[in-house]
Amino acid sequence: MIERIKGSAPTRSRAVVHNGLVYTVAVSSDKKPDVYLQTRLALEAITRTLSEAGSDKSHILTATMYLADMSKKDDMNRAWDEWVDRNNAPQRACIGATLEGADLIEIVITAAQK
Amino acid sequence: MIERIKGSAPTRSRAVVHNGLVYTVAVSSDKKPDVYLQTRLALEAITRTLSEAGSDKSHILTATMYLADMSKKDDMNRAWDEWVDRNNAPQRACIGATLEGADLIEIVITAAQK
Amino acid sequence: MIERIKGSAPTRSRAVVHNGLVYTVAVSSDKKPDVYLQTRLALEAITRTLSEAGSDKSHILTATMYLADMSKKDDMNRAWDEWVDRNNAPQRACIGATLEGADLIEIVITAAQK
């Protein structure tokens, strides 16, 4: 009834699936100080996880973008605008917040299964 | 199955409706440096969007209030307390975060449809 | 159809239950400047609220941990790792943000009912 997809840490799941919804989170695998690159890689991780969980980017309901430096929001938006399904745009909030270590972006997604 | 209500940006939706739930976000249309005013206007935008989406404020489940300056939380609370349906109070979290430009508040809502 | 569990404030609910899901938020009852202690107490409050709402920690879907000082993330993680059900790990995001007064942690949870 609740499916959990493991990530790197034993005490958190990379994704949880329940009642037709997928809840997932991603950061960039590459920690280079480049917001565009990190956003692109975090979104690619989202694409892979949604696929594993029986969803895809056209089924995203909500996105929360936590950005370490809001002055770099344009770089994040460039990666977002290239990636997003414009016919199925999610509700999105973008928030400046302190992230861990060299993370410049953390993305939290809720999506419907296909 | 997924309904999307457009906002000002082509790559995001102002609201998404799925399986009886409405997911929406709002900021203030007026960027005057007045937290009470901006909260009031953002909440009025929420009222309008919920109405479009077949919900209303008595059906709100959760609210996340992102506030640019937590020292102004009382001003936000004043607008909230005037607006909220006290017989149907949402679960709410209030978080200090960096917002875009002159935004002093950003509000993310999940509501049930009527 | 929407059940609301009252907290200390008349204009917010401590938890809301709708369509098999529980939405809740907690801070620590003790405001000592100790992230481990505050996290432990906030998680104990979550345990109690989930029980009232017909859920438990094995049914948590998502957790958002708002931390006043990200340099203390290890202390938060210690309390989390002791508390979490490792066979049913939630999707979790941890965000550094400004919190109210002496709060060092605020936890937002979505859980399925049993």
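**Strand pairing, core and three-fold packing in a predicted trimer model**

A:Thr62 has A:Thr110 as its bridge partner in S6(A). On the other side of the pairing list, the bridge partner of A:Thr62 in S5(A) is A:Gln91. These pairs come from a predicted model, and they open the way into the sheet of chain A. Strand S4, residues 60-67 of chain A, pairs with strand S6, residues 105-112, in the antiparallel sense, and seven bridges hold that pairing. With strand S5, residues 91-96 of chain A, S4(A) runs parallel, and six bridges join the two. S4(A) is also mostly covered, with eight of its eight residues buried. The link between the parallel pair involves a helix: S4(A), helix H2 (residues 73-83 of chain A) and S5(A) make up a right-handed β-α-β unit.

Stepping back to the whole chain, chain A contains two helices and six strands. Their order along the sequence is β-β-β-α-β-α-β-β. The C-alpha trace of chain A spans about 40 × 35 × 20 Å along its principal axes. For 114 residues, a compact globule would be expected to have a radius of gyration near 13 Å, and chain A agrees because its value is 13 Å. Buried residues account for 54% of the 114 residues in chain A. As for how far apart in sequence the touching residues are, contacts in chain A between residues at least 6 apart were considered, and 73% of these join residues at least 24 apart.

What sits at the heart of the nonpolar packing? The largest nonpolar core has 117 residues, and the ones with the most contacts inside it are A:Ile105, A:Ile107, B:Ile105, B:Ile107, C:Ile105 and C:Ile107. A:Ile105 belongs to the range of S6(A), residues 105-112. Leaving aside residues up to four places away in sequence, A:Ile105 touches A:Val27, A:Ser28, A:Val35, A:Gln38, A:Thr39, A:Ala42, A:Met65, A:Tyr66, A:Leu67 and A:Met76. Among these, A:Met65, A:Tyr66 and A:Leu67 fall within the residue range of S4(A), 60-67.

The arrangement of the chains comes next. Two copies of a chain are related by a rotation about an axis and a shift along it. A turn of 120 degrees, with a shift of 0.0 Å along the axis, lays chain B on chain C with an RMSD of 0.0 Å. This is the relation of a three-fold axis. Within chain B, the C-alpha nearest that axis belongs to B:Ala97, 3.3 Å away from it. The copies use different surfaces, as 5% of the contact residues of chain B recur in chain C. The contact itself draws 21 residues from chain B and 20 residues from chain C. On the side of chain B that touches chain C, strand S4 (60-67), helix H2 (73-83) and strand S5 (91-96) of chain B each supply at least two residues. S5(B) gives the most to that side, with six residues.

Chain C and chain A were treated in the same manner. Chain C superposes on chain A with an RMSD of 0.0 Å after a rotation of 120 degrees and 0.0 Å of shift along the axis. C:Ala97 is the residue of chain C that comes closest to the rotation axis, its C-alpha lying at 3.3 Å. Here too the copies use different surfaces, with 5% of the contact residues of chain C recurring in chain A. This contact takes 21 residues from chain C and 20 residues from chain A. Strand S4 (60-67), helix H2 (73-83) and strand S5 (91-96) of chain C each supply at least two residues of the side of chain C that touches chain A. The largest share of that side, six residues, comes from S5(C).

A few single residues round out the picture. Most residues other than glycine have a negative phi. A:Asn19 has a positive phi, near 50 degrees, and sits in the loop between strand S2 (13-18) and strand S3 (21-27) of chain A. A:Asn19 counts as partly exposed because 13 C-beta neighbours lie inside 10 Å. In chain B, phi of B:Asn19 is likewise positive, near 55 degrees. A:Thr47 is found in helix H1, residues 35-52 of chain A. With 15 C-beta neighbours inside 10 Å, A:Thr47 counts as partly exposed.

Conventions
Residues are numbered from 1 along each chain as its sequence is written. Chains are lettered from A and ligands numbered from 1 in the order in which they are written. This is a predicted model: local features need pLDDT of at least 70, side-chain atom pairs count only at pLDDT 80 or more; totals for chains, interfaces and linings use all residues. Copies are superposed by least squares on the C-alpha atoms of residues with pLDDT of at least 70 in both. Two residues are in contact if their C-beta atoms, placed from the backbone, lie within 7 Å. A residue is buried if 20 or more other C-beta atoms lie within 10 Å of its own, exposed if 12 or fewer, and partly exposed in between; C-beta atoms are placed from the backbone. Helices (H or I, at least four residues) and strands (E, at least two) are DSSP runs, numbered from the N terminus. Two strands pair if DSSP finds at least two bridges between them. A crossover is right-handed if, with the strands pointing away from the viewer, the path from the first strand over the helix to the second runs clockwise. A nonpolar core is a set of buried Ala, Val, Leu, Ile, Met, Phe, Trp, Tyr and Cys residues joined through C-beta atoms within 7 Å. The radius of gyration is taken over C-alpha atoms; the globule rule is 2.2 Å times the number of residues to the power 0.38.
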